[in-house]
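Dear colleague,

I am handing over the structure we spoke about, and below it you will find notes on what turned up. Please read them with the model open beside you.

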Amino acid sequence: MRPRLLVAADPSLPRQAPPGTEAIVVGAGVAGVSAATVLAERGVAVTLVEAAATLGGRLGAWPVTLPDGSEQVVEHGFHAFFRQYYTWRDVLRRIDPGLGFLRPVEGYPVISRRFPPEDLGGLPAAPPLNLLALFARSASLTLRDLAGADVALGTELLTFDRHRTTTLLDTMSAGDFLAGLRVSDRAREMLFEAFARSFFCDPQGLSAAELVAMFHFYFLANPEGIGFDAPRTDHLHAIWAPLAEYLRARGATIRTGCALRSLRPDGPGWALELGDGATLTSRHVVLALDPGALRDVAAASPELASVAPRLAGQAAALTTAPPFVVTRLWLGADVDASRAVFSAVSGEATLDSVTVYSRLEEPSARWARETGGCVLELHSYACTEPDGAADRMVAELAALWPETAGVAHVHRVDRSDATAPAFPPGSAGTRPGVRTDARGVRVAGDFVEAPLVCGLMERAAVTGVLAAADVLAEVGATGVDVYGVPQRGLLAGLPSRARHRAIGQRPL
Ligand SMILES: Cc1cc2nc3c(=O)[nH]c(=O)nc-3n(C[C@H](O)[C@H](O)[C@H](O)COP(=O)(O)OP(=O)(O)OC[C@H]3O[C@@H](n4cnc5c(N)ncnc54)[C@H](O)[C@@H]3O)c2cc1C
């Protein structure tokens, strides 16, 4: 299988925007910087406005000083750069054409106290070979585990079709879908629940249609296999400093530490009121905020509701996922040599993943070499009780990796935020798309409806470049080609009436 061209630019139009075209992009995460990159390359005078002191949003990174006086950069969290992230990788090729700053992360184990580890890495790329290989080597999925499985519901994973799957499954929770599959506890916990939580939602708070779409995007239809890469050094030096330089070299103005408060119509364009008292005006605006921030800005912009009731209503309805908690630990001793760089964790109340940073990126590796210690990062993705969560993650890790119990914490950085989008049951069709009814305003981000199936960073990048393409379309320039995974499941199109009936009758 090859990446599919899903959105094609019109080659008959000029590449460059007419001289004098200006745009404001608000929010400098993956979505905003992707939009700004395309616009700046096409000759648009871009102003990028970011509330935080640093670029990157949820992929951002900033320096901290350790008690020994050394400086280390910490990220918002370990990120897996999956290989089917065609658009995000294309943006990153602007700063490193060969993507040499990324290194493969071997293996993708799911670990648990209750069950033997499951490795989702290194599977063949194409379905059905990936499924057959998973069965052949899985400790969780054996034919016995599947003996009582609900075939009709299970088939939904293979018959993904965006419209049909949404119609059928959006009002069901991922938790009910997984319970309804009736696979063994082991298969449910080790394969599906760990996967569902990495979308920052408890399975009961996630739409089953979104879960099936993400299973399709990351696994069943992924032409690149489930392997992923990660930067060899911290995100600040690997990604954000070079991208800022790239943008500035193309004339973009970057204003950090500067929050958008509200916006109002202003002649043919928009006036944006910033937290520092400044007002910026432009015909073209890309709002690339996290969902809670977009909701707040829309609520503080009373005129938006009268000129763009659909966008105002969609923004008001946006919900955020429970907080995520990230703890970076500098330990006085190394963990066992057998520990994988990244492990998903299943069955713990708080801990969802652990990354051995000192086996991942060079600055942490150097610190570990010099001190004999190691650097770990612990994540909790949908943490309803963030108070004390970091301590609970440390305790849960000690139960999984006993060598970490009692080891001195040389330093520790804990942080928690609630900026991830929620995709609750019944929410399909309620989120904004890239184009809005506010003429001249586009929306981008990992919660925005995209015309193709994609998730997380890739969804942010896809909606970002499509927002830029929409600005270019308005000024008569050509857009961008966007590639993606096959959009329908392996068995989509098989007669399904009987299956619908069976699922419709189930009291879920
Ligand atoms: C711990 C963790 C682990 C993750 N792991 C992965 C992973 O492995 N793979 C993956 O693909 N994704 C992962 N993600 C998700 C990924 O980080 C997001 O999908 C992506 O970064 C979202 O980008 P965005 O541009 O849509 O939003 P954001 O990154 O949230 O960017 C929005 C920006 O808007 C700014 N802003 C907010 N309000 C204002 C305002 N009023 N004015 C101006 N600016 C404002 C914010 O400061 C921010 O910079 C992870 C996220 C976290 C937190």
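The largest cavity in this predicted model has a volume of about 110 Å³, and the count of cavities of 30 Å³ or more comes to 3. Thirteen residues would be a long list to read out, so to speak, but of the 13 that line the largest cavity, those closest to its centre are Phe 199, Glu 210, Phe 423, Asp 446 and Leu 456. When the lining of this cavity is sorted by class, 8 residues are nonpolar, 1 is polar and 4 are charged. Two helices, H8 (208–220) and H15 (456–474), each supply at least two residues of that lining.

To see where this cavity sits, it helps to look at the domains. The domain assignment divides the protein into domain 1 (17–58 + 234–320 + 424–476), domain 2 (114–226 + 489–505) and domain 3 (322–417). The lining of the largest cavity draws at least three residues from domain 1 and at least three from domain 2. As for domain 2 and domain 3, their centres, taken over C-alpha atoms, are separated by 29 Å, and 8 residues of domain 2 are in contact with 9 residues of domain 3.

Next come the pockets. The second largest pocket holds about 490 Å³ of space, and of the 23 residues that line this pocket, Leu 131, Phe 135, Gly 154, Leu 157 and Phe 192 are the closest to its centre. The elements that give two or more residues to its lining are helix H3 (129–137), helix H4 (151–158), helix H7 (185–197) and H8, and among the contributors H4 gives the most, with 5 residues. By class, the lining of the second largest pocket has 20 nonpolar, 2 polar and 1 charged residues. Helix H8 therefore deserves a second look on your screen, because H8 gives at least two residues to the lining of the largest cavity and two or more to the lining of the second largest pocket.

Finally, the cysteines. How many disulfides does the structure hold? The structure holds 0, and for Cys 383 the reason can be followed step by step: a disulfide needs two cysteine sulfur atoms within 2.5 Å, whereas the closest cysteine sulfur to that of Cys 383, in Cys 201, is 14 Å away, which is too far for a bond. Cys 383 counts as buried, at 4% relative accessibility, and Cys 374 is also buried, with a relative accessible area of 0%.

With best wishes

Key:
Residues are numbered from 1 along each chain as its sequence is written. This is a predicted model: local features need pLDDT of at least 70, side-chain atom pairs count only at pLDDT 80 or more; totals for chains, interfaces and linings use all residues. Side-chain values use heavy atoms; hydrogens and water are left out. On a 1 Å grid over the protein atoms alone, a cavity is a set of points where a 1.4 Å probe fits but cannot get out, and a pocket is an open set with protein on both sides within 12 Å along at least five of seven lines; lining residues have an atom within 4 Å of a point. Grid points are joined across faces, edges and corners, and a volume is the space filled by probe spheres set on the points. Helices (H or I, at least four residues) and strands (E, at least two) are DSSP runs, numbered from the N terminus. Ala, Val, Leu, Ile, Met, Phe, Trp, Tyr, Cys and Pro count as nonpolar, Asp, Glu, Lys and Arg as charged, and the others, Gly among them, as polar. Domain bounds come from an automatic or database domain assignment. Buried means under 20% relative accessible area, exposed over 50%, partly exposed in between (1.4 Å probe, protein chains only). Contact means heavy atoms within 4.5 Å.
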